[in-house]
Amino acid sequence: MELKEKIKNFNLRKHEGIDKDDKNGKISEAFKPIAETILSGHFKVTKNNSDSYVTVHPTCVEMYYHEEGDGEDKIKDYIVYHRDSNDEKKMPVFPIGVLHNHVSGIDITFEKVVDNLPVRFSALIREFWIDKSNKKEEQTEKYGEESIKVCTESNPEKRSTYLYEALYSQYSVFDGFSVQWVDGNENDRKKIRCVKTRLNVAEYEMKNNNDGKDPKPEKIKKDGIAKELLTKNQNYKQCQRMWRYSINED
C-alpha cells in the first residue's frame with residue numbers, strides 16, 4: 001500500500017466512463033483507493049538524533065482535482081488554491097508529496113504534467129488524531145493540549161487548520177525535527193465508511209463580466225437554490241462531487 005507509487009501510476013483518464021462533473025460517481029470511485037491508502041497511513045514527526053516521535057493519523061480526507069488548459073472535457077475544480085489564475089498567471093508544478101499549507105489546512109500534493117499540461121491533484125487532511133505515546137520529553141508546559149484535546153481514531157480533531165500545530169509544533173527548531181509519511185501495512189488497512197460532498201465547497205459557473213474579456217469562474221450564489229443544496233455556510237450552491245472520505249460514519 002505505498003501511497004507514492006499509487007500516485008505516480010495514477011491517471012484518471014485511464015478510467016472508463018468518467019464525467020467531468022462526476023454525476024455518475026466514477027471519479028469518486030477512482031479516488032477511493034488513494035483515500036484508503038492515506039487513511040491507512042500516518043505522518044511521523046521525529047526529533048532529530050532521538051527516538052522521540054509522535055504520529056499523526058488522518059481519519060478524513062477530501063480530494064481536489066483540476067486539469068489546466070482548455071477543452072470541453074477538462075475536469076475543473078476551481079476551489080483548488082494552487083492552480084493557474086484567471087488572469088493567466090502560470091503556477092509551477094509541485095513535486096509529488098509536497099505539503100501545501102493554506103487557509104483551509106494542509107494538502108498532500110500529487111501534481112504532475114499530463115500531455116504537457118499540469119494536473120493539480122491533492123488531498124486535504126480534514127480530520128486527524130495524534131498519538132504522543134512515543135514522545136520522550138517531559139513537558140513542563142503542555143503546549144497544544146488545550147487546543148487539540150481529542151486523541152482517538154473514533155473522536156478525531158475536526159478542525160483541519162490544527163494540523164499545522166500537530167505537525168510543526170511538536171519539537172523546537174533548535175533541536176530539529178522531521179516530518180515523514182509512513183504507509184500502513186496490510187494489518188493497518190482502514191475501511192472507508194463514509195463518502196460525502198466536500199465541506200463548504202461551492203459549485204462554480206462561468207460568468208461574463210461585461211468587460212470584453214473571457215468568462216471567469218464564479219461561485220453559484222444561494223438565490224433560488226433549495227436550502228438542502230447549499231453549502232454549510234448557506235451562501236452558495238454546494239458542489240455535489242462526492243470526494244470526501246472518512247473511516248468514521250460521520
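Buried means a relative accessible area under 20%, exposed means over 50%, and partly exposed lies in between (1.4 Å probe, protein chains only). The model described here is predicted, so local features need a pLDDT of at least 70 and side-chain atom pairs count only at pLDDT 80 or more, while totals for chains, interfaces and linings use all residues. Residues are numbered from 1 along each chain as its sequence is written, and side-chain values use heavy atoms, with hydrogens and water left out.

Q: Why is C194 called buried or exposed, whichever applies?
A: C194 has a relative accessible area of 11%, and since buried means under 20%, C194 is called buried. C60 is judged by the same cut-off, and with 1% relative accessibility C60 also counts as buried.

Q: How many disulfides does a search of the whole structure find, and how do you know what state C60 is in?
A: The search finds zero disulfides, where a disulfide is a pair of cysteine sulfur atoms within 2.5 Å. C60 is in no disulfide, since the nearest cysteine sulfur, that of C194, lies 7.5 Å away. Seen from C194, the closest cysteine sulfur is the one in C60, and 7.5 Å is too far for a bond. In general, a disulfide is a covalent bond between the sulfur atoms of two cysteines.

Q: What makes residues 105-109 strand β4, and how many of its residues are buried?
A: Helices (H or I, at least four residues) and strands (E, at least two) are DSSP runs numbered from the N terminus, and residues 105-109 form the strand named β4. Five of the five residues of β4 are buried, so this strand is largely enclosed by the rest of the structure.

Q: How do you know which sense β4 pairs in with strand β3 and with strand β6?
A: Two strands pair if DSSP finds at least two bridges between them. Strand β3 (residues 99-102) meets β4 over four bridges in the antiparallel sense, which satisfies that rule, and H100 stands opposite D107 in β4. The connection from β3 to β4 is a hairpin through two residues. With strand β6 (residues 117-131), β4 has three bridges, again antiparallel, and therefore counts as paired; there S122 is the bridge partner of T109.

Q: What makes strand β1 largely enclosed by the rest of the structure, and how many bridges join it to β7 and to β2?
A: Five of the six residues of β1 (residues 42-47) are buried, and so β1 is described as largely enclosed. Six bridges join β1 to strand β7 (residues 177-182) in an antiparallel arrangement, and four bridges join β1 to strand β2 (residues 53-67), also antiparallel. K44 takes part on both sides, standing opposite Q180 in β7 and opposite T55 in β2. The hairpin of β1 and β2 has five residues between the strands, and N49 there takes a positive phi near 55 degrees.

Q: How do you know how the reach of helix α2 compares with what is expected, and where does its kink lie?
A: The expected span of a helix is 1.5 Å times one less than its number of residues. Helix α2 (residues 26-40) has 15 residues and reaches 22 Å from its first C-alpha to its last, which is close to the expected 21 Å. A kink of about 35 degrees lies at K32, shortly before the proline P33, where the bend is the angle between axes fitted to the seven residues ending at a residue and the seven starting there.

Q: What makes a set of residues the largest nonpolar core, and which residues touch the most other members?
A: A nonpolar core is a set of buried Ala, Val, Leu, Ile, Met, Phe, Trp, Tyr and Cys residues joined through side-chain atoms within 4.5 Å. The largest such core has 37 residues, of which F31, I34, I38, M63, F110, F121 and Y245 touch the most other members. Helix α2 gives the most to this core, with seven residues.

Q: Why is A35 in helix α2 called buried or exposed, whichever applies, and which residues is A35 in contact with?
A: A35 has 0% relative accessibility, and under the 20% cut-off A35 therefore counts as buried. Contact means heavy atoms within 4.5 Å. Leaving aside neighbours within four places in sequence, A35 is in contact with V61, I192 and Y245.
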